[in-house]
Amino acid sequence: MIKMTNKSVKKVVLAYSGGLDTSIILKWLQITYNCEVVTFTADLGQGEELGPARDKALLLGIKPENIFIEDLREEFVRDYVFPMFRANAAYEGVYLLGTSIARPLIGKKLIEIAEKVGADAVSHGATGKGNDQVRFELTAYALKPDVVVIAPWREWDLRSREQLIAFAEQHQIPIAKDKRGEAPFSVDANLLHASSEGKVLEDPAQEVPDYVYSRTISPEDAPDKPTYITIDFETGDATAIDGVKLSPATLLAKLNDLGRDNGIGRLDLVENRFVGMKSRGMYETPGGTILAVAHRAIESITLDRGAAHLKDQIMPQYAELIYNGFWFSPEREMLQALIDKSQEFVAGSVRLKLYKGGVHVVGRSSPYSLYDQDLVTFEEGAVAYDHRDAAGFIKLNALRLRTLGQRKKKLGL
């Protein structure tokens, strides 16, 4: 990494949410580096108005031409979420990577804007304890090796909420009433999920309070009548719900609504962070949970056993690469090529029953189905399968086991 003095940074692009923390960072950058600040706010479907972010940036002295707000919802789902779901990726077996998969897109846009405006640095609001600092910075260095990354949480001496509030008051940064006290937990949200962690969630022995949930109703409060839906797939990607073609972002938003109303997608997880510590988080991924179940269902009839099992073997490595921030690494791209090759005939329809927190597959069909009813029936079919052939198959597979058994017998073991 190139080391630069404060004076050598002339323009920096900040990943800016418009919230209190990144507003403090914005002012801190202006003071500490005496540089021009460009703000970038991404609409990833977090469900918040982005107009206030523009207004706040203007209030803090950012020129209108230096304020970038982009609607990335379609790109996010099409180019990041869907490729990941083709792999059935789940970190440590359960986490659908909602936060992790958003970071490379934000990082890529930061670099694109930096190139556009001639900035020599980028900055983010991730803390020094979390995974996001790694994800943002690995992306930045992969796409612009000579970029300077400024991570204020690793540099400044603002160590408490009181100090942050005092800094904001000193520099006339507006503070919402609900931001003056200690936040009960932190939230990160996008179109794929909402994650909550910290404070009231830090004790893994305590149940998540009801007020933490924002994307799903309680399964106990979900309708007593199940909801049936059909999802259509083409080359591994969902394309329609109940026969209605939808864009990637619109489709995921629709699944989110269905998942929310049926109490689907809650996950209470203690995970292993890349930086070395364990953390407890609560994730809500309503639409993603439905999509993950449906994708596995369509693969079950269209993927060959060898291909399916190979995918399951590489999935943990693929998921870990995304979790750790290596989206723009050659190994992730190599695995993606393999995964995408496997999806050529993953097409058809999956019928699901959504009921009180559960997603149940009740039907699947495909023009490329490998399921042969004549083969699996207990009746003698008209296909080339002779039950007597199984005897030789079993004996050949048992040969080494019998040899080992003979040795144990000879040794009296």
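**Figure 1. Salt bridges of the predicted model, with Arg 161 and Asp 21 in close-up**. The predicted model contains 28 salt bridges. In one of them, Arg 161 is paired with Asp 21, and the closest N and O atoms are 3.5 Å apart. Arg 161 belongs to helix 7 (residues 161-170) and Asp 21 to helix 1 (residues 20-33), so this salt bridge ties together parts that are 140 residues apart in sequence. Arg 161 is buried, with a relative accessible area of 16%, whereas Asp 21 is partly exposed at 30%.

**Figure 2. The salt bridge between Arg 78 and Asp 79**. The side chains of these two residues meet at 2.9 Å, N to O. Asp 79 is partly exposed, with a relative accessible area of 32%. Arg 78 is likewise partly exposed, its relative accessible area being 41%.

**Figure 3. Glu 197 and Arg 273 in a salt bridge**. The closest N and O atoms of the pair are 3.4 Å apart. Distant parts of the chain are linked here: Glu 197 lies in strand 7 (residues 194-197), and Arg 273, 76 residues apart from Glu 197, lies in the loop between strand 11 (266-272) and strand 12. Glu 197 is partly exposed, with a relative accessible area of 28%; Arg 273 is buried, with a value of 15%. Elsewhere, salt bridges that share partners join Glu 70, Glu 75, Lys 108, Lys 109 and Glu 112 into one network.

**Figure 4. Surroundings of Glu 284, a buried residue without a salt bridge**. Glu 284 is located in strand 12 (residues 278-284). The nearest side chain of opposite charge is that of Arg 266, 4.5 Å away; a salt bridge requires a nitrogen-oxygen distance within 4 Å, so the pair is not counted as one. The side chain of Glu 284 instead reaches the backbone nitrogen of Ser 214, at 2.9 Å. Neighbours within four places in sequence being left aside, the residues in contact with Glu 284 include Leu 192, His 193 and Ala 194, the run Val 212, Tyr 213, Ser 214, Arg 215 and Thr 216, and also Gly 265.

**Figure 5. Aromatic pairing of Trp 153 and Trp 156**. The structure holds 10 aromatic pairs. The rings of Trp 153 and Trp 156 form one that is edge-to-face, with 5.1 Å from centre to centre and 70° between the planes. Trp 153 and Trp 156 are both buried. Ring pairs join these two residues with Trp 28 and Tyr 33 in a cluster.

**Figure 6. Arginine side chains over aromatic rings**. Arg 135 is positioned over the face of Tyr 323, at 4.9 Å from the ring centre. Arg 332 lies over the face of Trp 327, where the distance to the ring centre is 3.6 Å.

**Figure 7. The protein chain as the setting of the close-up views**. The chain has 13 helices and 14 strands. Its C-alpha atoms fill a box of roughly 85 × 55 × 45 Å, taken along the principal axes. Of the 413 residues in the chain, 48% are buried. Among contacts with a separation of 6 or more, 72% are between residues 24 or more positions apart.

Key. Residues numbered from 1 in each chain as written. Predicted model: local features only at pLDDT ≥ 70, side-chain atom pairs only at ≥ 80, totals over all residues. Heavy atoms only, no water. Helix = DSSP H or I, 4+ residues; strand = E, 2+ residues; numbered from the N terminus. Buried < 20%, exposed > 50% of the residue type's maximum accessible area, 1.4 Å probe, protein only. Lys, Arg positive; Asp, Glu negative; His and termini not counted. Polar contact = N/O pair within 3.5 Å; in protein donor to acceptor, adjacent residues only side chain to side chain. Contact = heavy atoms within 4.5 Å. Phe/Tyr/Trp six-rings, centres within 6.5 Å; stacked < 30°, edge-to-face > 60°. Lys NZ or Arg CZ within 6 Å of the ring centre and 35° of its normal.
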